[in-house]
Amino acid sequence: MSTLPACPQCTLENTYPDGDNYICPDCGFEWPQKAAAEEGEAASGPVVDANGNPLASGDTVILIKDLKVKGSSIVLKKGTKIKGIRLPEGAGDHEVDCKTDQGAFMLKAEFMKKA
């Protein structure tokens, strides 16, 4: 049996295919099956920084915004230089794995620029 995607609106997994669309019976949201397939392909595409430059493992980046770390009082300051980033596969929406003076973090590429 093929795995059906969760609803992008309510995130419940009770979806079913109907013609060319997926339908969520919980919230009534409908979305095209073709768009869901394209999102899966786009997720494995290149990781780009805030300026659209492609990033690679080992690059040096600079933070473009102060980032509060959830669950702690740590703030990663704007302008912090991070050397030797890693781009792990299947990391979700936090594409960049890096180490700073405050510890190791998974960050979104949209908050950094290539140095």
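This passage describes a small set of strands, charged pairs and buried residues in a predicted model.

The description begins with an open sheet of three strands, in which the order is 1-2-3 and the pairing is antiparallel. Strand 1, covering residues 16-18, and strand 3, covering residues 30-32, are the edge strands of this sheet, and each of them pairs on one side only. On average, and with direction ignored, neighbouring strands of the sheet are turned by 35° against each other. Strand 2, made of residues 21-23, is joined to strand 1 in the antiparallel sense over three bridges. Within this part of the sheet, Asp18 is found opposite Asn21, a residue of strand 2.

A second antiparallel pairing involves strand 8 and strand 9, which are joined by five bridges. These two strands form a hairpin, with two residues lying between them. Strand 8 spans residues 96-100, while strand 9 spans residues 103-107. The register of the pairing can be followed from individual positions, since Val96 has Leu107 of strand 9 as its bridge partner, and Lys99 stands opposite Ala104 in strand 9. Four of the five residues of strand 8 are buried, and strand 8 is therefore largely enclosed by the rest of the structure.

Thr100 offers a closer view of strand 8, in which it lies. With a relative accessible area of 17%, Thr100 counts as buried, because the limit for this class is set at under 20%. A polar atom of the Thr100 side chain lies 3.2 Å from the backbone nitrogen of Gln102. When the neighbours within four places in sequence are left aside, Thr100 is in contact with Leu76, Ile82 and Phe105.

Attention then turns to charged residues. Side chains of opposite charge can pair when their charged atoms come close. A search of the whole structure finds three salt bridges. In one of them, Lys114 is paired with Asp59, and the closest N and O atoms are 3.5 Å apart. This pair links distant parts of the chain, as Lys114 belongs to strand 10 (residues 112-114) and Asp59 to the loop between helix 1 (33-43) and strand 4 (61-63), the two residues being 55 residues apart. The partners also fall into separate accessibility classes: Lys114, at 35% relative accessibility, counts as partly exposed, whereas Asp59, at 15% relative accessibility, counts as buried.

Another salt bridge brings together the side chains of Arg86 and Asp97, with 3.3 Å from N to O. Arg86 lies in the loop between strand 7 (81-82) and strand 8, and Asp97 lies in strand 8 itself, so the pair ties together parts that are eleven residues apart in sequence. The relative accessibility of Arg86 is 34%, and Arg86 therefore counts as partly exposed.

A further salt bridge is formed by the side chains of Asp93 and Lys108, which meet at 3.6 Å from N to O. Here too the pair links distant parts of the chain, with Asp93 in the loop between strand 7 and strand 8 and Lys108 in the loop between strand 9 and strand 10, 15 residues apart. Asp93 is partly exposed, with a relative accessible area of 45%, and Lys108 is likewise partly exposed, with a relative accessible area of 26%.

Asp49, in the loop between helix 1 and strand 4, presents a contrasting case. Although Asp49 is buried, it has no salt bridge, and the nearest side chain of opposite charge, that of Lys114, is 7.2 Å away. Such a distance does not qualify as a salt bridge, because the nitrogen and the carboxyl oxygen would have to lie within 4 Å. The side chain of Asp49 nevertheless has polar contacts with the backbone: one of its polar atoms lies 3.0 Å from the backbone nitrogen of Gly52, and the side chain also reaches the backbone nitrogen of Lys114 at 2.8 Å. Lys114 thus appears in two settings, with its backbone nitrogen reached by the side chain of Asp49 and with a salt bridge to Asp59. Not counting residues up to four places away in sequence, Asp49 touches Leu55, Ala109, Met112, Lys113 and Lys114.

Definitions and conventions:
Residues numbered from 1 in each chain as written. Predicted model: local features only at pLDDT ≥ 70, side-chain atom pairs only at ≥ 80, totals over all residues. Heavy atoms only, no water. Pairing = 2+ DSSP bridges. Axes fitted to C-alpha atoms, helices over the stretch in contact; angles between N-to-C directions. Buried < 20%, exposed > 50% of the residue type's maximum accessible area, 1.4 Å probe, protein only. Lys, Arg positive; Asp, Glu negative; His and termini not counted. Polar contact = N/O pair within 3.5 Å; in protein donor to acceptor, adjacent residues only side chain to side chain. Contact = heavy atoms within 4.5 Å.
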